[in-house]
Amino acid sequence: MIAWGWESVKDSNLNTAYTRAFDFNPTRALNHDFDLDLGSELVDKLKQLREDLPKESIETREFQQWWQANGTQWIKRLRQVMSAHRNIGYNWQFTEAQKRQLQSYYDANKFVVDLTNIKGGISDSVRANIEN
């Protein structure tokens, strides 16, 4: 599972998914100065989420107890912020045909990327066209 692959996560499994995605280290996900141009509203909301985390180290029993009691709700809030500000985290309900179509699209693009990484796999002019 990828860190933001929320579409495959049921609400009851948010805690488990987050634990796997960040190796039970939620502070790592928000532990920087937000020096990117994210927009002030998003930065403020991410800082608030970081502030809501306990100050104890994640290895402490206190943190783990807090996480068991509050982790699921905290993750839901993070998901809402990311959905609202970065248009990610939606619970897509793809049909099997749509999943196959997306997989085909991914496979074709991966093939092109792999081909461009092979020395002599494509000409320089074709590479330039692909990159453009």
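Five aromatic pairs are found in the structure, which is a predicted model. In one of these pairs, the ring centres of Phe-63 and Trp-67 lie 6.3 Å apart and the ring planes meet at 10°, so the two rings are classed as stacked. Both residues belong to helix H4, where a spacing of four residues places Phe-63 and Trp-67 about one helical turn from each other. Phe-63 has a relative accessibility of 0% and therefore counts as buried, and Trp-67, with a relative accessibility of 0%, is likewise classed as buried. A further stacked pair is formed by Trp-92 and Phe-94, whose ring centres are 6.1 Å apart and whose planes are inclined at 20°. Trp-92 is placed in the loop between H4 and H5, while Phe-94 is partly exposed, its relative accessible area being 35%.

Ring pairs also join Phe-63 and Trp-67 with Trp-66 and Trp-74 in a cluster. Phe-63, Trp-67 and Trp-74 are in addition members of the largest nonpolar core, which comprises twelve residues and also includes Leu-42, Leu-46, Leu-49, Leu-53, Ile-58, Ile-75, Leu-78, Val-81 and Met-82. At least two residues of this core come from each of helix H3, spanning residues 40–52, and helix H4, spanning residues 61–86. The greatest contribution is that of H4, which provides seven residues. As a general background to such an arrangement, nonpolar side chains in soluble globular proteins tend to be buried together.

Within this core, Leu-42 and Val-81 are both listed as members, and the surroundings of Leu-42 can be described in further detail. When neighbours within four places in sequence are set aside, the residues in contact with Leu-42 are Val-81, His-85 and Arg-86.

Nonpolar residues also appear at the surface, where Tyr-90, Trp-92, Phe-94 and Leu-102 make a patch of about 410 Å². Two members of this patch, Trp-92 and Phe-94, are the partners of the stacked pair with planes at 20°.

Beyond these aromatic and nonpolar groupings, Val-112 is located in helix H5, which covers residues 96–116. With a relative accessibility of 30%, Val-112 falls between the limits of 20% for buried and 50% for exposed residues, and is therefore counted as partly exposed. The C-alpha atoms of Val-112 and Arg-127 are separated by 9.7 Å in space, with the two residues standing 15 places apart in sequence.

How values were computed
Residues are numbered from 1 along each chain as its sequence is written. This is a predicted model: local features need pLDDT of at least 70, side-chain atom pairs count only at pLDDT 80 or more; totals for chains, interfaces and linings use all residues. Side-chain values use heavy atoms; hydrogens and water are left out. A nonpolar core is a set of buried Ala, Val, Leu, Ile, Met, Phe, Trp, Tyr and Cys residues joined through side-chain atoms within 4.5 Å. Buried means under 20% relative accessible area, exposed over 50%, partly exposed in between (1.4 Å probe, protein chains only). Contact means heavy atoms within 4.5 Å. Rings of Phe, Tyr and Trp (its six-membered ring) pair if their centres lie within 6.5 Å; planes under 30 degrees apart count as stacked, over 60 as edge-to-face and the rest as tilted. Patches are made of residues with over 30% relative accessible area and no salt bridge: like charges are joined within 9 Å, nonpolar side chains (Val, Leu, Ile, Met, Phe, Trp, Tyr) within 5 Å. Accessible areas come from the Shrake-Rupley method with a 1.4 Å probe; for residues, only the protein chains shown count as cover. A salt bridge is a side-chain nitrogen of Lys or Arg within 4 Å of a carboxyl oxygen of Asp or Glu.
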